[in-house]
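Student: Could you take me through one part of this protein in detail? I would like to understand its salt bridges and how they sit in the fold.

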Amino acid sequence: MAESVQEALSRLVIGQDRAINALSRLIDMHFAWSSAPDPLHRPPNALIIGPTGTGKTHAIKVAADALDIPCLVVDSTRLVSTGSSAALSLDGILHLLVKRARSSKGSAAPEERAARGIIFLDEFDKLRYGKTTEDTAAVQ
């Protein structure tokens with residue numbers, strides 16, 4: 001039998017027991033909602049907050065590997081609403097997720113894997129109202 005998400009996280013993410021339990025519950029709730037969508041409730045999402053270097057991105061990648069789904073980590077400072085070729089739009093992110101689902105070998109069809117995939121918006125704390133990507137990079 002395949003290793004559960006909680007087992008994989010417990011084995012590969014050190015010293016984050018509360019975060020492991022919370023992330024495991026969130027993933028279980030999300031997949032339960034995906035199996036039987038309820039139009040009266042939104043699917044669960046999460047905002048993962050913690051200091052730099054605590055393993056937030058690592059934990060998400062471990063969970064995606066345990067679920068055999070694609071995971072795309074996106075630098076939030078590169079997001080734009082439309083236009084710029086140097087930045088990422090929602091369409092570009094979704095295209096990258098589908099491409100990642102096609103490039104890896106899993107038990108499900110690539111489209112199904114992409115639909116269940118994880119998009120992790122990293123560096124969200126670096127965003128500032130009215131600042132451009134160049135302004136944000138200069139602050140770092």
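Tutor: What follows looks at the salt bridges, with the fold as background. The model is a predicted one, and its secondary structure comes to 6 helices and 2 strands, which run from the N terminus in the order α-α-α-β-α-α-β-α. A search of the whole structure finds 2 salt bridges. One of them pairs D68 with R113, whose closest N and O atoms are 3.5 Å apart. Because D68 belongs to the loop between α3 (56-67) and β1 while R113 belongs to helix α5 (residues 110-115), this pair ties together parts that are 45 residues apart in sequence. The two partners can also be described by their accessibility: D68, with a relative accessible area of 30%, is partly exposed, whereas R113, at 5%, counts as buried. The cut-off behind that last statement is that buried means under 20% relative accessible area, and 24% of the 140 residues of the protein count as buried.

The other salt bridge joins R102 to E111, with 3.7 Å between the closest N and O atoms. Here R102 is exposed, having a relative accessible area of 54%, and E111, at 48% relative accessibility, counts as partly exposed. As for the wider fold, among contacts between residues at least 6 apart in sequence, 58% join residues at least 24 apart.

Notes:
Residues numbered from 1 in each chain as written. Predicted model: local features only at pLDDT ≥ 70, side-chain atom pairs only at ≥ 80, totals over all residues. Heavy atoms only, no water. Helix = DSSP H or I, 4+ residues; strand = E, 2+ residues; numbered from the N terminus. Buried < 20%, exposed > 50% of the residue type's maximum accessible area, 1.4 Å probe, protein only. Contact = heavy atoms within 4.5 Å. Salt bridge = Lys/Arg side-chain N within 4 Å of Asp/Glu carboxyl O.
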